[in-house]
Every structure is written in C-alpha cells, then in structure tokens.
Amino acid sequence: MKRLIVWLLTLTMTAGLLTGCGSSLSIMDSNFSDSSGMKEEAAAAGSPSTDSMSEEMGLEGSEAVMKPQDDRKIIYNADLSLESKQFSAARDALLQAAAKAGAYVQNSDEGGSEESGSRWVNYTFRVPSSSYREFLSGAVQAGNVLNKSESTEDVTAEYVDVQARLESLEKQEARLLELAAKAETLEDLLAIENQLTDVRYRIESYTGQKKVMDNLIAYSTVDVSLSEVQNLTPQSRSFTSRLGRAFKGSWQNFMEGLQDTIISLIYLLPTLVLLAAIVAIVLVIVRKAGKRQAEKRKNMPVPPVPPVDPNEPAPKTETGKNTPVYGKKE
C-alpha cells in the first residue's frame, strides 16, 4: 500500500513539472515573438531601436557603447636601467633609437665626471604607442641591461565614461541655448545663463581630462637610466659572483669615499690654515701670560716668620700632646 502511494505521488510531481516547463517555454516564445514584433514595428515606423536607444542613454549605457577589443584604450609605461663602459656611444645610441621611433625627450638629468668615469644620465622619453616596441628593442641594445620593467593600464572604461558625460553636457548646452533664445523675461534668461555657465565649466573639465588621456594613450612613457662603469655587471646570479660583486662594490665605494674626503679637505684647506693660525696665536698668548705670572711669583718677597716665645706653652693637639715648638729647649 505504501509503495502504491509513493508511486502515485511521484507520477503527480512529474506531471506538474512537465506542465510548468511547457508553460514557461510557451511564455518565453510569446515574449520573444512580442519583442521581435516590437523591433520590426519600430523599424518600420522609423523609431529608434532598443540598440540605438542604449547608445543614446549616455552615462547609464556607457557599457553598451564599449569599443571592440582592438580599439581599447591602453596606456603603456616602461622603466629601463642600463650601464656601459662607453658612455658617450651608449647615450648617442639611445637618442638615435628615440629619433627613429619618433619619440622626444620630456625630461633629462645627467651628472658625474668623465675623469672619474662616473657619468650618468636619466631620460624620460615620450614614444608614440605604435613605435613602443620598436623603441624598446633599440634601447636595450645601447648597453648592458640591469633592469627592465613594463606596465599597462586599461583606461577604456574611464575614457568611455568621460566621453559619454561630455556628449551629454554638450546636448544640455545646446538645449539651454535654445531656451535662452526663447526666454521672455529677464529672470528666466538669468536662470538659464547660470545653468549654462555651470554646464560649460563641466564641459571644460571633462574636455581637459579627455585630452590628458588622449595624450597618455597616444604617447607611451619610457624612463631610461644609463650609468658609466669600469666593469660591466655579470648576468650570473651564483653566490661566488654575487660575493665578488659585493666585495668589488664595497672597495669602489671605499675608494670613492676616500677621494671625496681628500677633495673636501682641499676645498677646506684655506679655512683650516686660518683656524690653525688663530689657534697658534692663542697658544702663544697663553704661554706668555703664564710666564709673566711665574716671574711675578718669583719676584714676590717672602713674608717674615714671626718669632717664637720660648716661654709660651706649645699648643696641644687632638691627641693631647703638646706640639713641639722649634727653637725651644726642653
């Protein structure tokens, strides 16, 4: 009996599920047909379709107007550290690679001396994005590569958002200009002018943001540092090579510090000579003053010793004994 009841309940649930699925499918078909019919009627009537409406939604439909993958807005950045024994040749090779790629130097900073072989230079290149890889390939050949890092930033969403806001504000500006032309009272005209001023200010702000992003997208930023060395850094990463580099670097730092100390002393030599002369004069004056005081003490008369009365009892000490009086006979 129980098995019969379970079997009947199973049949009932299966039938209900099949009925629900059939009804949901029929509803989906009807909705699809209705939406297709609405699109066809809208197209026939000349009204914008849902796709075109999503493009005109402005800020709320920014994702709908995303460009294809090939047209994404990417900002490329790179950082390159080089060293070379032939500093001048390496620097010229960098500048030639930049000229070949159509790049220009945005910032530069250099220092060091040729005599000590410690020249260095830092460049910030702005490279057209289309020639980014070409420039990097030429730059790494200018010297021994110590470090190379690259980064990309996808600003497609920010760019589309700014562009959509800008288009929306431009439409608002056009509508406000139309309303200003139709204003009948001075109060209405002033209110429209205030709104128009605010809209134009926001347009300028978003236009500036868009120009900055356009510049960063069109021209990649590559920072390159080049230093002059006596010996190139080996590429091996073994313990012995690292130990040798550490010892060599510490010795070079010690010698450079010693040279800097000697050069600093040479720069300070006039000051040191002047200080030594002042100290010598002070010592001479102190010695002369000491000699004068010693001579004065020698020439001072010795005070006479008062006579001792032989009959006067000698003063007693703490022990109770009489202090001997010299010159007195016992």
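Colleague: At what angle do the axes of helix α5 and helix α6 cross?
Modeller: Roughly 155 degrees. This is a predicted model, by the way. Helix α5 covers residues 156-182, and helix α6 covers residues 186-218. Their axes come within 9 Å.

Colleague: What does that make α5 relative to α6?
Modeller: Roughly antiparallel. Angles over 145 degrees count as that, so the pair qualifies.

Colleague: And is the crossing left-handed or right-handed?
Modeller: Left-handed, as α5 passes α6.

Colleague: Which residue classes are in the contact of α5 with α6?
Modeller: There are 16 nonpolar residues. Add 5 polar and 8 charged ones.

Colleague: Switching topic. Which residues make the nonpolar surface patch?
Modeller: I263, L265, Y267, L268, L272, L274, L275, I278, V282 and V286. The patch is about 980 Å².

Colleague: Which helices each supply at least two residues of it?
Modeller: α7, residues 239-267, and α8, residues 269-299.

Colleague: Which one gives the most to the patch?
Modeller: α8, with 6 residues.

Colleague: Where is Y267 placed?
Modeller: In helix α7.

Colleague: Now charges. How many salt bridges does the count come to?
Modeller: The count is 8. One pairs the side chains of R133 and E150, at 2.7 Å from N to O.

Colleague: Which parts does the R133 and E150 pair tie together?
Modeller: R133 lies in helix α4, residues 132-139. E150 lies in strand β4, residues 144-154. So the salt bridge links parts that are 17 residues apart in sequence.

Notes
Residues are numbered from 1 along each chain as its sequence is written. This is a predicted model: local features need pLDDT of at least 70, side-chain atom pairs count only at pLDDT 80 or more; totals for chains, interfaces and linings use all residues. Side-chain values use heavy atoms; hydrogens and water are left out. Axes are lines fitted to C-alpha atoms, for helices over the stretch in contact, and angles run from 0 to 180 degrees between N-to-C directions. Helices (H or I, at least four residues) and strands (E, at least two) are DSSP runs, numbered from the N terminus. Angles under 35 degrees count as roughly parallel, over 145 as roughly antiparallel, 65 to 115 as roughly perpendicular and the rest as oblique. A crossing is left-handed if the near helix is turned anticlockwise from the far one by less than a right angle, and right-handed if clockwise. Ala, Val, Leu, Ile, Met, Phe, Trp, Tyr, Cys and Pro count as nonpolar, Asp, Glu, Lys and Arg as charged, and the others, Gly among them, as polar. Patches are made of residues with over 30% relative accessible area and no salt bridge: like charges are joined within 9 Å, nonpolar side chains (Val, Leu, Ile, Met, Phe, Trp, Tyr) within 5 Å. Accessible areas come from the Shrake-Rupley method with a 1.4 Å probe; for residues, only the protein chains shown count as cover. A salt bridge is a side-chain nitrogen of Lys or Arg within 4 Å of a carboxyl oxygen of Asp or Glu.
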